[in-house]
Amino acid sequence: METPGSQSSLHRANLERVVRAVRLAGSLTQAEIARTTGLSAATVSNIVRELKDGGTVEVTPTSAGGRRARAVSLSGDAGIVIGVDFGHTHLRVAVGNLAHQVLAEESEPLDVDASAAQGLDRAEQLVNRLIEATGVDRTKIAGVGLGVPGPIDVESGTLGSTAILPGWTGTRPAEELRGRLGVPVHVDNDANLGALGELVWGSGRGVKDLAYIKVASGVGAGLVIAGKIYRGPGGTAGEIGHITLDESGPVCRCGNRGCLETFAAARYVLPLLRSSHGTDLTMEAVVRLARDGDPGCRRVIADVGRHIGSGVANLCNLLNPSRVVLGGDLAEAGELVLGPIRESVGRYAIPSAARQLTVLPGALGGRAEVLGALALALSEMGDSTLLDGTMSTAAPAFT
């Protein structure tokens, strides 16, 4: 039995610190592990050797700063995580290992009017199909990350009102999917998972404070503060789409007037172009036409960018993030939308906050949320049982 404060308990704690650092990052050099954990280089070297001998980590040659180094990652067969992302019209599932390698990924159309039970049944079927296709051992599934397009109550796990999947309001999607799959399921809204995906794999790598802005059927933001997703006590932090831009503006689905969403979301933007471009227009098509030089689509995208920039300026003044990542179809417009966002930020944000801000398109495209779901599952699993060679059902917070 280990006594608190004893040499053996200290050693165990250091082992868990190293495993956790590698698990969250995917791969780190030994020097990076030392900086992340605060342990000495000699201690890290000894721990990595022990973990390698025990089959917990793999060590491969690499380079860092022009010098030879050793990259440390968790063993590819140490465990499996699954990401499930529900969008307005799609279901996407990915299977990955603890070394941050995606083993399989697939998406399929989803009927927006389908009930939660129907959608979760589809998710169960797709998860089972990918597990069978990859041949992974089901007993090694450490957990599932689940993304839904609506606010999640932090305490109860209940999905709040959502106009995107109306048949899901009031359900507990994590609890219901857990009953189907028999493994731990952790749920969050799609904007938070987009932020987590870009933080771990995409345009947010290397920063501790960022906002991921998703513009699609609605407008939301995932906020990362000091390296952690900030959800707020009720789970509704990041509702940037409901910042008021015009008190006399259009009535929003939330009941207020002139919310940012009424000037930027697809449901409000596309009607502006229907008389000239037809009724079957999508935001993806608007972006494509704008990139090809269509003046009407360029004008609409520039206007949307300026409105989003006003909301981002408010974020800058309140939270002072170092990076804003734009996701959703709109991000494919590149500088056509990013330029107007920066223009508004420069006009409305505190100058010092504006100077420190970098605005970038997301690097992951439509995969941001499902990769964020994988990252959520990775962040919520325990470390101690990895060292014992078994999977944990514990769910410590992402820190």
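The radius of gyration of the protein chain in this predicted model is 22 Å, which agrees with the value near 21 Å that a compact globule of 399 residues would have. Taken along the principal axes, the box filled by the C-alpha atoms is roughly 70 × 50 × 40 Å. The secondary structure consists of 15 helices and 13 strands.

Burial and contacts can be given for the chain as a whole. Of the 399 residues, 52% count as buried. Among contacts with a separation of 6 or more, 60% are accounted for by residues 24 or more positions apart. The accessible surface comes to about 17700 Å², and carbon and sulfur atoms hold 49% of that area. The chain has 37 positive and 42 negative charges, and the mean positions of these two sets are 7 Å apart.

Four residues illustrate the burial at single positions.

| Residue | Relative accessible area | Class |
|---|---|---|
| Cys 297 | 0% | buried |
| Cys 316 | 2% | buried |
| Val 287 | 3% | buried |
| Ser 310 | 16% | buried |

Val 287 is part of helix α10, which covers residues 283-291. Its relative accessibility of 3% counts as buried because the cut-off is under 20%. With neighbours within four places in sequence left aside, the contacts of Val 287 are Ile 301, Asp 329, Leu 330, Glu 332 and Ala 333. Leu 193 is 94 residues from Val 287 in sequence, and their C-alpha atoms are 24 Å apart in space.

Ser 310 belongs to helix α11, which runs over residues 295-319. At a relative accessible area of 16%, Ser 310 also falls under the 20% limit and is therefore classed as buried. Residues up to four places away in sequence not being counted, Ser 310 touches Leu 245, Ser 344 and Tyr 348.

The cysteines remain. A disulfide is a covalent bond between the sulfur atoms of two cysteines. A search of the whole structure finds zero disulfides. Cys 316 is in no disulfide, and the nearest cysteine sulfur, that of Cys 259, lies 20 Å away. Since a disulfide needs a pair of cysteine sulfur atoms within 2.5 Å, this distance rules out a pairing of Cys 316 with Cys 259 in the model. Cys 316 is nevertheless buried, with a relative accessible area of 2%, and Cys 297 is buried at 0%.

Terms used. Residues are numbered from 1 along each chain as its sequence is written. This is a predicted model: local features need pLDDT of at least 70, side-chain atom pairs count only at pLDDT 80 or more; totals for chains, interfaces and linings use all residues. Side-chain values use heavy atoms; hydrogens and water are left out. Buried means under 20% relative accessible area, exposed over 50%, partly exposed in between (1.4 Å probe, protein chains only). Helices (H or I, at least four residues) and strands (E, at least two) are DSSP runs, numbered from the N terminus. The radius of gyration is taken over C-alpha atoms; the globule rule is 2.2 Å times the number of residues to the power 0.38. Contact means heavy atoms within 4.5 Å. Accessible areas come from the Shrake-Rupley method with a 1.4 Å probe; for residues, only the protein chains shown count as cover. Lys and Arg count as positive and Asp and Glu as negative; His and the chain ends are not counted. The place of a charge is taken as NZ of Lys, CZ of Arg, CG of Asp or CD of Glu.
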